[in-house]
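The exercises below ask you to work through a model step by step, with a solution after each task. Please keep the sequence and the coordinates at hand as you read.

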Amino acid sequence: MLHNNENYEGEVSDGKNRRSVKCKYCNSVILSPASASFTSLEFQLPLIKQKKVNESNPETENVSLFWVVNDIFTFQNVGFSNTVGNNKYLTCADCEAGPIGYHDIPSKISYVALNRVIHC
Ligand SMILES: [Zn+2]
């Protein structure tokens, strides 16, 4: 079983991210401190890849802890990869590693998976 419920309690302050959210591969800043809200929901996200690949049936994992971003202009840096249904996958704008989360097209809300990024 994949372990994605690490203890992130220290990262949440007043319901928001206490530290910067960065790409784990290139250290690019994705979100500034206190710019996203913590939430818990279930989503099947394809496994993260360091390089962009277009697979029709990617292997997924169940991810449940996310930073919610209501406006894409809140991001310091973010890229979009392929669209699947009502979702676009989020990637690092600098090195294209991803998906680091997903964007819900109808609501325009983005979700960044806590276990796909680093906090520092
Ligand atoms: Zn990166």
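**Exercise 1. Identify the residues at the centre of the largest nonpolar core, and the strands that supply it.**

Step 1. The largest nonpolar core has 23 residues, of which I30, L31, W67, V112, A113 and V117 touch the most other members. A nonpolar core here is a set of buried Ala, Val, Leu, Ile, Met, Phe, Trp, Tyr and Cys residues joined through C-beta atoms within 7 Å; a residue is buried if 20 or more other C-beta atoms lie within 10 Å of its own, exposed if 12 or fewer, and partly exposed in between, with C-beta atoms placed from the backbone.

Step 2. Strands β3 (21-23), β4, β6 (60-69), β8 and β10 each supply at least two residues of this core, and β6 gives the most, with 4 residues. In soluble globular proteins, nonpolar side chains tend to be buried together.

Step 3. Leaving out residues up to four places away in sequence, L31 touches N17, S20, V21, A36, W67, V69, F75, Q76 and V112, where a contact requires C-beta atoms, placed from the backbone, to lie within 7 Å.

Before going on, note the conventions. Residues are numbered from 1 along each chain as its sequence is written. The model is predicted, so that local features need pLDDT of at least 70 and side-chain atom pairs count only at pLDDT 80 or more, while totals for chains, interfaces and linings use all residues.

**Exercise 2. Describe the overall fold and its dimensions.**

Step 1. The protein has 0 helices and 11 strands, where helices (H or I, at least four residues) and strands (E, at least two) are DSSP runs numbered from the N terminus.

Step 2. With 120 residues, a compact globule would have a radius of gyration near 14 Å, and the 13 Å of the protein agrees with this; the radius is taken over C-alpha atoms, and the globule rule is 2.2 Å times the number of residues to the power 0.38. The C-alpha trace spans about 40 × 35 × 30 Å along its principal axes.

Step 3. Buried residues make up 27% of the 120 residues, and among contacts between residues at least 6 apart in sequence, 50% join residues at least 24 apart.

**Exercise 3. Trace the strand pairing that involves β9.**

Step 1. Strand β8 (residues 87-91) pairs with β9 (residues 101-104) in the antiparallel sense over 4 bridges, and N87 stands opposite D104 in β9. Two strands pair if DSSP finds at least two bridges between them.

Step 2. β9 also pairs with β10 (residues 109-113), again antiparallel and over 4 bridges, with Y102 opposite Y111 in β10.

Step 3. The hairpin of β9 and β10 has 4 residues between the strands, and K108 in this hairpin takes a positive phi near 60°.

**Exercise 4. Find the unusual backbone geometry in the loops.**

Step 1. Most residues other than glycine have a negative phi, and most peptide bonds are trans.

Step 2. In the loop between β8 and β9, which holds P99, the peptide bond from G98 to P99 is cis, with omega near -5°. E96 lies in the loop between β8 and β9 as well and has a positive phi of about 65° although it is not a glycine; E96 is partly exposed because 17 other C-beta atoms lie within 10 Å.

Step 3. A34, in the loop between β4 (29-31) and β5 (37-46), has a positive phi of about 60° without being a glycine, and its 14 C-beta neighbours inside 10 Å make A34 partly exposed.

How values were computed
Contact = placed C-beta atoms within 7 Å.
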